Amino acid sequence: MSGGTYSYMCLALEGQSAVLLSSCSTVSASVPFSSYSGIGVISIERAYPLTLGSNIGTTTTAILAALASPGETLANSLQISLCHFFFNICGILLWYPIPFTRVPIRLAKALGNRTAKYRWFAALYLFLCFLLFPLSVLGLSIAGWQVLVGVGVPLLVFAIIVVIVNIMQKRCPRFLPSFLRSWDFLPKPLHSFKPWDRVVTASMTFCRTRCCCCCKCCKEKEDKETDDMKTKDRSLEMYDNPALTIEDEVKITATHL
């Protein structure tokens, strides 16, 4: 795709965000064009700035809502909407201009590859990031900032250490102690998804055969279609004339002789 066509597509998608007041519509529209899940027009490196731009376009929602506020609350409403706008601008300045800082691209590729291998990982990711983690932070914040700091800071430090060790294992393992050059010293469920995949697959198989009515109906439908195909094949065999088959074989043999 030429640069001009790509530029027009970017402007169209960002204009779509401003008109429809939704960044989700822009992201959903760009997914079918991506090189990994669609027709291959847009690569993930090009879809990344489109997503960032849509986050700028969607700030028009808050700005328009603020402009419709009464005069006595107009200043406060505009301040909140502009906070939304400049927050997204700062996010772009932080994660886009320098190629080294484009961490979301690498994270997206890693999560996509993991989900392609283990389909249930997508549901787990949504549950952890959009339900369990926010509820945990909310509960700790309600308990008080002392509890939030006392629990959150050690977990954050632990996560940073794990990330650093993972990076060093791939790039410079010689600087690590021998036992930290891989996670094999841990139990396998703590560093591999294969045991969890077996559990999920077994549970889904059990659900399909024992518990889930929908799965039973689907299985019965498939079995019925298979039996119908077999019956159809048998009915076609009944109309075969053995005498004609023998005559055809004789003619073929005579032709070769």
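This is a short talk on the helices, surface patches and a salt bridge in one protein chain.

Okay, so before anything else: what you have up there is a predicted model. Keep that in mind while I go through it.

Let's start with the overall make-up. The protein chain has 11 helices and 0 strands. If you read along from the N terminus, the order of elements is just α-α-α-α-α-α-α-α-α-α-α, so I'll spare you a topology diagram.

How much of the chain is buried? Of its 257 residues, 14% count as buried. The accessible surface adds up to about 19200 Å², and 70% of that belongs to carbon and sulfur atoms. As for contacts, take the ones between residues at least 6 apart in sequence: 43% of those join residues at least 24 apart.

Now the salt bridge. The count here comes to 1 salt bridge. Which residues make it? K109 pairs with E45, and their closest N and O atoms are 2.8 Å apart. This pair ties together distant parts of the chain, with K109 sitting in helix α6 and E45 in helix α3, which covers residues 44-57; the two are 64 residues apart. Are these two buried or exposed? Neither, really: K109 has a relative accessible area of 31%, so it goes down as partly exposed. E45 is at 39% relative accessibility, and therefore also lands in the partly exposed class.

On to charge on the surface. There's a positive patch made of R106, R114, K117, K170, R171, K188, K194 and R198. Which elements give two or more residues to it? Those are α6 (103-117), α8 (145-171) and α9 (194-211). The top contributor is α6, with 3 residues. So helix α6 turns up twice in this talk: it carries K109 of the salt bridge, and it gives the most to the positive patch.

One member to click on is R171, which belongs to helix α8. R171 has a relative accessible area of 67%, and that's why we call it exposed: the cut-off is over 50%.

There's a nonpolar patch on the surface as well. It's formed by L124, F127, L128, L131, L132, L135, L138 and I142, and together they have about 720 Å² of accessible area. Pick I142 from that group: you'll find it in helix α7, residues 121-143. With a relative accessible area of 66%, I142 is exposed.

Last stop, helices α4 and α5. Helix α4 runs over residues 60-67, and A65 is in it. A65 comes in at 47% relative accessibility; exposed would need over 50%, so A65 counts as partly exposed. How far is A65 from S81? They're 16 residues apart in sequence, and C-alpha to C-alpha the spacing is 8.4 Å.

Then there's L74, in helix α5, which spans residues 74-95. What does L74 touch, if we skip residues up to four places away in sequence? A66, L67 and S69. L74 is at 29% relative accessibility, and buried would mean under 20%, so L74 is partly exposed.

To wrap up, three things to look at on the screen. Find the K109 and E45 salt bridge. Then turn to the positive patch, with R171 among its members. And finish on the nonpolar patch, which includes I142. That's me done, happy to rotate the model for anyone.

Terms used. Residues numbered from 1 in each chain as written. Predicted model: local features only at pLDDT ≥ 70, side-chain atom pairs only at ≥ 80, totals over all residues. Heavy atoms only, no water. Helix = DSSP H or I, 4+ residues; strand = E, 2+ residues; numbered from the N terminus. Buried < 20%, exposed > 50% of the residue type's maximum accessible area, 1.4 Å probe, protein only. Contact = heavy atoms within 4.5 Å. Patch = residues over 30% accessible without salt bridge, like charges linked within 9 Å, V, L, I, M, F, W, Y side chains within 5 Å. Areas by Shrake-Rupley, 256 points an atom, 1.4 Å probe, with all protein chains shown as cover. Salt bridge = Lys/Arg side-chain N within 4 Å of Asp/Glu carboxyl O. Lys, Arg positive; Asp, Glu negative; His and termini not counted. Charge placed at Lys NZ, Arg CZ, Asp CG, Glu CD.
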